[in-house]
Amino acid sequence: MDIYLLDRNFVRTELIEHGEYKSMIWTERFSAMGDFQLDIISTEKTRRLLKTDVFLRIRESTRTMQITLVVDSYDDDGERMLTVKGYSLEHILDSRVARNAANTLTAEPKWKMTGKPKA
């Protein structure tokens, strides 16, 4: 499966073809955020392209994922590998400023409307 890298406007900018990476796990969930893991040989190009906050898509999915972790290490064979992980875009909802403010609708102060609205 081909992996498309997207810019901030969600426009395709780069392509990682099926044979370029060692393994790819793309997990979609119905009622929770999805996640992915990409293992690819670490080169100057892959280190430049695969950075945190980059968005990814695959043709077989309607989900967009965002890179949250990049680990550059050596595998058991001594080959330098990048392990790239992230979550589907639902994870950005956790960073909302008002996330915890809307937990209850009985918060103080309670508003009492008086009078007629003005035009």
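This report describes the strands, salt bridges and nonpolar core of a predicted protein model.

## Overall architecture

The protein contains 1 helix and 7 strands. Read from the N terminus, these elements follow the order β-β-β-β-α-β-β-β. Of its 119 residues, 28% count as buried. The accessible surface amounts to about 8,900 Å², and carbon and sulfur atoms account for 52% of that area.

Contacts across the sequence may also be considered. Among contacts between residues at least 6 apart in sequence, 49% join residues that are at least 24 apart.

## Pairing of the strands

Strand E7 covers residues 80–88 and pairs with strand E4, residues 35–41, through 7 bridges. These two strands run antiparallel. Two pairs of residues illustrate how they are aligned: Ile-41 stands opposite Met-81 of E7, and Asp-35 stands opposite Tyr-87 of E7.

Strand E7 is also joined to strand E6, residues 65–74, by 9 bridges, again in an antiparallel arrangement. Within this pairing, Met-65 has Ser-88 of E7 as its bridge partner. E6 and E7 form a hairpin, with 5 residues lying between the two strands. One residue of the turn, Gly-78, has a positive phi of about 85 degrees.

Strand E4 has a further pairing, with strand E3, residues 21–27. Here 6 bridges join the two strands, which run antiparallel. In this pairing, Met-24 is placed opposite Leu-38 of E4.

## The surroundings of Asp-35

Asp-35 belongs to strand E4. Is this residue buried, partly exposed or exposed? Its relative accessible area is 23%; because buried residues must fall under 20% and exposed ones over 50%, Asp-35 counts as partly exposed.

Setting aside neighbours within four places in sequence, Asp-35 is in contact with Ile-25, Trp-26, Thr-27, Arg-29, Met-65, Gly-86 and Tyr-87. Tyr-87 is the residue that stands opposite Asp-35 in E7. The fold also places Asp-35 at a C-alpha to C-alpha distance of 8.8 Å from Gln-66, although 31 residues separate the two in sequence.

## Salt bridges

How many salt bridges does the structure hold? There are 3. One of them links Lys-22 and Glu-79, whose side chains meet with an N to O distance of 3.5 Å. This pair connects distant parts of the chain: Lys-22 lies in strand E3, Glu-79 lies in the loop between E6 and E7, and the two are 57 residues apart. Lys-22 is exposed, with a relative accessible area of 52%, whereas Glu-79 is partly exposed, at 28%.

Another salt bridge is formed by Arg-29 and Asp-35, with the closest N and O atoms 2.6 Å apart. The side chains of these residues are likewise joined by a polar contact of 2.6 Å. Arg-29 counts as partly exposed, with 34% relative accessibility, and Asp-35 is partly exposed as well, at 23%.

Arg-80 forms a salt bridge with Asp-72, and the closest N and O atoms of this pair are 2.6 Å apart. Arg-80 has a relative accessibility of 34% and counts as partly exposed. Asp-72, with a relative accessible area of 33%, is also partly exposed.

## The nonpolar core

In soluble globular proteins, nonpolar side chains tend to be buried together. In this model, the largest nonpolar core has 18 residues. Which residues have the most contacts inside this core? They are Ile-3, Leu-5, Phe-36, Leu-38, Leu-50 and Leu-56. Several strands contribute to the core: E1 (3–6), E3, E4, E5 (55–58), E6 and E7 each supply at least two of its residues.

Ile-3 offers a closer view of the contacts made by one core residue. Not counting residues up to four places away in sequence, Ile-3 touches Glu-14, Leu-15, Ile-16, Tyr-21, Met-24, Leu-38, Leu-56, Arg-57 and Ile-58. Two of these, Leu-38 and Met-24, stand opposite each other in the pairing of E3 with E4.

How values were computed. Residues numbered from 1 in each chain as written. Predicted model: local features only at pLDDT ≥ 70, side-chain atom pairs only at ≥ 80, totals over all residues. Heavy atoms only, no water. Pairing = 2+ DSSP bridges. Helix = DSSP H or I, 4+ residues; strand = E, 2+ residues; numbered from the N terminus. Buried < 20%, exposed > 50% of the residue type's maximum accessible area, 1.4 Å probe, protein only. Contact = heavy atoms within 4.5 Å. Polar contact = N/O pair within 3.5 Å; in protein donor to acceptor, adjacent residues only side chain to side chain. Areas by Shrake-Rupley, 256 points an atom, 1.4 Å probe, with all protein chains shown as cover. Salt bridge = Lys/Arg side-chain N within 4 Å of Asp/Glu carboxyl O. Core = buried A, V, L, I, M, F, W, Y, C linked by side-chain atoms within 4.5 Å.
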